[in-house]
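Me: I would like a close look at one part of this model, and then an account of how the rest is put together. Please keep the wording plain.
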Amino acid sequence: MKCSRRVSSVSKLHQSIWDSGIIFIALLPLFLEVMAGKQELQKVIQGNGHFTKQLYNVLAQKPGNVCFSPISAHAVLSMAYQGADGTTRAAFGKILGMSNQLEAAVGYQDVIKHLNNVSDVQLLMANKVYVMEGYALKPAFKEVTEKKFFSEVQSLNFKQSTASANTINQWVEDKTQEKIKDLISPDILDESTRLILVNAIYFKGTWASKFNKELTQKETFYLNDNDTIEVEMMNTKGKYFYKEDETLDAKVLELPYSNSDVSLLVILPNKKNGIADLEKKLAETDLTKITENMFKPEVVVKLPKFKIETTIDLNEPLKKIGLGEIFSSKANFSEMLESPEQLVVSKVIQKAFIEVNEEGTEAAAASALFVIEKSLKIPVSPKKFIADHPFVVILKGQVSVVDEEKEDKIYFQGLLLFQGRVAKPNV
């Protein structure tokens with residue numbers, strides 16, 4: 001017997017600067033499929049959902065378009081978590097929603113395995129560790145990065161900052177199909193840099209039902225109650241999962257890709273100037289359950305083409321959600337390197353990219369963390385989903401868990417891979 005991915009009961013199964021440094025980098029992970037009995041994966045899903053809500057609530061305080069990958073930041077922090085100890089380890093666990101380091105490592109081991117076996121979409125993932133020449137990883141940290149995060153190791157002389165930055169940036173660019181460029185600036189690398197961990201993900205998916213390009217036309221988009229612009233508005237009509245959420249005062253539409261386990265959610269406030277109120281309500285909403293109680297009527301859809309590229313300094317947002325210790329002299333990263341240097345995070349940066357058009361979606365993101373020493377009946381009439389004013393988008397993965405006894409799959413909603421605010425569509 002199959003359990004619906006819309007059933008809420010199933011969701012209950014989830015949940016002074018010194019003289020050396022470290023850099024962690026992660027690129028957008030954009031899909032997850034898991035197998036039965038993986039409690040660690042359930043914790044990664046649950047932790048990522050909580051982390052997403054907290055981080056987006058801070059990032060949404062700035063006006064304009066927002067584009068970030070919560071799972072990218074969550075993954076890179078999980079890697080840093082592996083080398084932390086003491087109160088720093090505890091701080092990571094609390095913010096990441098992880099009970100212990102092994103739980104996070106095992107969870108991401110399965111994430112990576114399944115990401116590399118997704119069909120019908122382009123999903124490329126690779127990991128790498130760059131170490132300063134003359135320095136060595138502690139055996140336990142080396143083992144967890146190699147065996148759990150599948151990372152290769154390469155030595156670089158970070159004193160040669162331009163050459164090192166070029167090497168890292170080329171690797172990142174190759175793994176993201178040239179969507180993330182110049183992630184590392186040479187001026188942030190010097191003799192104090194000790195380690196760089198890189199997790200690279202690229203996603204490109206086509207819609208299960210593509211928009212007809214001939215129906216795309218110039219239409220009005222309301223920036224607020226008074227100001228408007230002209231946008232390239234895509235048009236289609238079909239059966240989609242949809243709901244009118246009274247609590248959010250918004251409509252929710254799910255657009256599936258050719259692999260239906262990954263989809264784009266569009267959350268449209270009912271009021272043209274309702275984006276701020278919507279985001280406040282989302283801050284109090286379990287985003288992993290947002291697709292519950294949807295049904296599949298015929299829907300007339302109008303959605304603007306858009307492309308967003310952002311670079312975000314995550315230092316202050318991470319401090320605001322409770323991870324300030326990693327930036328302070330109290331930071332304890334003693335489990336990373338053989339040498340007894342004291343390490344502290346200096347900067348966390350994320351670059352993100354997403355483009356939505358008639359064919360589908362292309363997305364990538366990069367997070368860099370710098371550490372230096374120191375169902376219902378279908379209604380007859382079609383619903384209308386007219387995205388002609390600011391809205392929120394969420395790229396999410398559905399998680400399938402195999403019930404070997406019943407030789408069947410139980411479906412869970414869950415991993416939040418990308419979230420953004422489209423305040424002003426650009427193409």
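In which loop is Glu178 found?

Reply: Glu178 is found in the loop between helix H7, residues 161-175, and strand S5. Keep in mind that this is a predicted model. The backbone angle phi at Glu178 is near 65°, which is a positive value in a residue other than glycine. The loop between H7 and S5 also holds Asp182. Asp182 is not a glycine, yet its phi is positive too, at about 50°. The relative accessible area of Asp182 is 58%. Because exposed means over 50%, that value places Asp182 among the exposed residues.

The setting of this loop is a chain of 427 residues, 59% of them buried. The chain has nine helices and 17 strands. Its accessible surface comes to about 17600 Å², and carbon and sulfur atoms account for 45% of that.

Now to the charged pairs. Side chains of opposite charge can pair when their charged atoms come close. The structure holds 18 salt bridges. One of them joins the side chains of Lys138 and Glu335, at 3.9 Å from N to O. This pair links distant parts of the chain, 197 residues apart: Lys138 is in the loop between strand S3 (122-132) and helix H6 (139-147), while Glu335 is in the loop between helix H9 (315-320) and strand S13 (343-356). Both ends are partly exposed, with relative accessible areas of 23% for Lys138 and 31% for Glu335.

Another salt bridge is formed by the side chains of Lys213 and Glu359, with 3.8 Å from N to O. Lys213 sits in the loop between strand S5 (193-206) and strand S6 (217-222), and Glu359 in the loop between S13 and strand S14 (360-373), so this bridge ties together parts that are 146 residues apart in sequence. Lys213 is exposed, at 52% relative accessible area, whereas Glu359 is partly exposed, at 30%.

A further bridge is made by Glu232 and Lys218, whose closest N and O atoms are 3.4 Å apart. Glu232 belongs to strand S7 and Lys218 to strand S6, so the parts tied together here are 14 residues apart in sequence. Glu232 is partly exposed, with 24% relative accessible area, and Lys218 is exposed, with 55%. Salt bridges that share partners also join Lys210, Lys213 and Glu359 into one network.

Strand S7 (residues 228-239) contains Lys237 as well. Leaving out residues up to four places away in sequence, Lys237 touches Glu298, Val299, Val300 and Pro382. From Lys237 to Phe211 the C-alpha distance is 9.0 Å, with their positions 26 residues apart in sequence.

Next, the interior. In soluble globular proteins, nonpolar side chains tend to be buried together. The largest nonpolar core here has 68 residues, and those with the most contacts inside it are Phe92, Ile267, Leu318 and Phe333. Beyond its neighbours within four places in sequence, Phe92 is in contact with residues including Leu77, Tyr81, Leu323 and Phe333. A second core, separate from the largest, has 36 residues, among them Val299, Ile354, Ala363 and Leu395.

Phe92 is also one of the buried residues of helix H4 (residues 86-96), as are Thr88, Ala91, Gly93, Ile95 and Leu96. An α-helix has 3.6 residues a turn, so residues three or four places apart point the same way. The buried residues of H4 pack against helix H2 (39-59) and helix H3 (70-81). After H4 comes Gly97, with a positive phi near 75°.

Last comes the largest pocket, which holds about 290 Å³ of space. Its lining has 15 residues, and Leu59, Lys62, Ile312, Asp313 and Pro317 lie nearest its centre. Two or more lining residues come from each of H2, strand S2 (66-68), strand S12 (306-313) and H9. S12 gives the largest share of the lining, four residues.

Key
Residues numbered from 1 in each chain as written. Predicted model: local features only at pLDDT ≥ 70, side-chain atom pairs only at ≥ 80, totals over all residues. Heavy atoms only, no water. Buried < 20%, exposed > 50% of the residue type's maximum accessible area, 1.4 Å probe, protein only. Contact = heavy atoms within 4.5 Å. Areas by Shrake-Rupley, 256 points an atom, 1.4 Å probe, with all protein chains shown as cover. Salt bridge = Lys/Arg side-chain N within 4 Å of Asp/Glu carboxyl O. Core = buried A, V, L, I, M, F, W, Y, C linked by side-chain atoms within 4.5 Å. 1 Å grid on protein atoms, 1.4 Å probe; cavity = no way out; pocket = protein on both sides within 12 Å on 5 of 7 lines; lining within 4 Å. Points joined across faces, edges and corners; volume = space filled by probe spheres on them.
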